[in-house]
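Ready for some practice in reading a protein model? Work through the exercises below with the structure open beside you, and try each task before you look at its solution.

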Amino acid sequence: MSGLEDELRDTVSALLRKRCTPEAVAALADGPEPYDRALWAELAEMGLPGLAVPEALGGAGLGLSAAVVVQEELGRSIAPAPTVSLAAVTAAAITAGSRGEAWIERLVSGETVAAVAAGRTPSGWTACDEVKAEREGDAWRLHGRVPVVAEALAADVLLVAVEGGDGLLLFLAAPAEVTPVDSLDPTRPLGTAVFDGPAELIAEGAGARTVLDAAERTALLLLAADAVGVAAAATDLAVDYAKTRHQFGRAIGSFQAVAHRCADMFVAVESARALVAAAASACDEDAPDAATAVALAAANALDAAVTATQGSVQVHGGMGFTWEHVSHRHLRRAKAAEALIAFPDRLRDRATTTLLNSK
């Protein structure tokens, strides 16, 4: 890791320790607000939404290698901030070229919060089943609904994938209505988005597929980094508790079963962190196997997060499985992330298929 990334991690971590205490996260997650607007304003002021955006487009030009460092800290604090969705839409706007560039300044500044409304298949994101695009001269309108959109409640605008007569179409559009959907993880709320109004076309045909793939790859990578942070926090919490909780006159961490469980959690976190860093580098270098690296890193990180958070709950005993204890929120964030874009086994299948087809 570079010195700059170390400094970035320390700065963000210091802010999140103050703003995302377990009590603050619980209050927000259980309240009516979809995300922490004050925290978002501070993150935007620090320039975090534009970390991976090229300097020529108004960003910091530090690449995804820096963005995953920040996202890991956000995951460690289970911060209620829509950074994963925003990064995906920003990647789409950049890949779309001239049609998307008009949006980048608003996304980078944090003025506009965005999320992705797309269909999901084992092969990846695709067009929404229930949304239709209607052309009126040079303008477009969208009609329909998307049942589940992550972070839609926080979003001003959605990247919407629609099947047109000549192929895939991608729009940026403000939803007419967003209603909450019950979510396993209140720190990353879900919503149903309804469209019935104008939309801006940013990509179509074969180019739209490339744009949507870029958005999904970025979302997967940042979700993986978030999972590493959740896993690391859960592991630290379990180890600290195992050192101080005594049973039969000894710290429970001295019992082999607990010690080995914590060691397995630590190894899972370190392995996942290394794979996420390698995948981010592959994306920054535009390596030909970047998509495969991201899929495998995400599969590993999501598995590590579930393993570590389940282990933390077990080390804490019954008190770990209640909303009042932060280890329960770690587990919820990990399990929800596992289902958010693609399950780990599907990601590994996708990577295997890509490798076999490349021979």
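**Exercise 1. The nonpolar core**

Find out how many residues the largest nonpolar core has, and which element gives the most to this core.

*Solution.* Step 1: in this predicted model, the largest nonpolar core has 103 residues. Leu 159, Leu 170, Leu 221 and Val 276 have the most contacts inside it. Step 2: the element that gives the most to this core is H7, with 19 residues. Step 3: apart from this core lies another core, of 20 residues, and among them are Ala 115, Leu 142, Val 146 and Phe 195. As background, nonpolar side chains tend to be buried together in soluble globular proteins.

Now zoom in on Val 276 and list its contacts, leaving aside neighbours within four places in sequence.

*Solution.* Val 276 is in contact with Val 68, Leu 221, Ala 224, Ala 225, Val 228, Ala 297 and Ala 301.

**Exercise 2. The domains**

State how the protein chain is divided, then describe how domain 2 and domain 3 are placed.

*Solution.* Step 1: the chain is divided into domain 1 (3-109), domain 2 (114-205) and domain 3 (210-358). Step 2: the C-alpha centres of domain 2 and domain 3 lie 29 Å apart. Step 3: across this pair, 18 residues of domain 2 are in contact with 17 residues of domain 3.

**Exercise 3. The largest pocket**

Work out where the largest pocket lies.

*Solution.* Step 1: this pocket holds about 650 Å³ of space and is lined by 31 residues. Nearest its centre lie Ala 52, Leu 64, Ala 91, Ile 94 and Thr 218. Step 2: helices H3 (37-45), H4 (63-76), H5 (83-95), H7 (205-244) and H8 (256-284) give two or more residues to the lining. H5 gives the most, with seven residues. Step 3: sorted by class, the lining of this pocket has 22 nonpolar, six polar and three charged residues. Step 4: domain 1 and domain 3 both give residues to the lining, so the largest pocket lies between them.

**Exercise 4. The second largest pocket and Ser 77**

Which residues lie nearest the centre of the second largest pocket, and is Ser 77 buried or exposed?

*Solution.* Step 1: the second largest pocket has about 330 Å³ of space and 17 lining residues. Arg 17, Cys 20, Arg 76, Ser 77 and Ala 233 lie nearest its centre. Step 2: Domain 1 and domain 3 both give residues to its lining, so this pocket lies between them. Step 3: Ser 77 sits in the loop between H4 and H5. Its relative accessible area is 13%, and buried means under 20%, so Ser 77 is buried. Step 4: not counting residues up to four places away in sequence, Ser 77 touches Leu 16, Cys 20 and Val 25.

**Exercise 5. The cavities**

How many cavities of 30 Å³ or more are there, and which domains line them?

*Solution.* Step 1: the count comes to two. Step 2: the largest cavity has a volume of about 100 Å³, and Trp 125, Ala 219 and Leu 340 are among its lining residues. Domain 2 and domain 3 each supply at least three residues of this lining. Step 3: the second largest cavity has about 40 Å³ of space, and its lining includes Pro 34, Tyr 35 and Thr 187. Here domain 1 and domain 2 each supply at least three residues. Step 4: Glu 151 and Arg 188 appear in both linings.

Terms used:
Residues are numbered from 1 along each chain as its sequence is written. This is a predicted model: local features need pLDDT of at least 70, side-chain atom pairs count only at pLDDT 80 or more; totals for chains, interfaces and linings use all residues. Side-chain values use heavy atoms; hydrogens and water are left out. On a 1 Å grid over the protein atoms alone, a cavity is a set of points where a 1.4 Å probe fits but cannot get out, and a pocket is an open set with protein on both sides within 12 Å along at least five of seven lines; lining residues have an atom within 4 Å of a point. Grid points are joined across faces, edges and corners, and a volume is the space filled by probe spheres set on the points. Helices (H or I, at least four residues) and strands (E, at least two) are DSSP runs, numbered from the N terminus. Ala, Val, Leu, Ile, Met, Phe, Trp, Tyr, Cys and Pro count as nonpolar, Asp, Glu, Lys and Arg as charged, and the others, Gly among them, as polar. Domain bounds come from an automatic or database domain assignment. A nonpolar core is a set of buried Ala, Val, Leu, Ile, Met, Phe, Trp, Tyr and Cys residues joined through side-chain atoms within 4.5 Å. Buried means under 20% relative accessible area, exposed over 50%, partly exposed in between (1.4 Å probe, protein chains only). Contact means heavy atoms within 4.5 Å.
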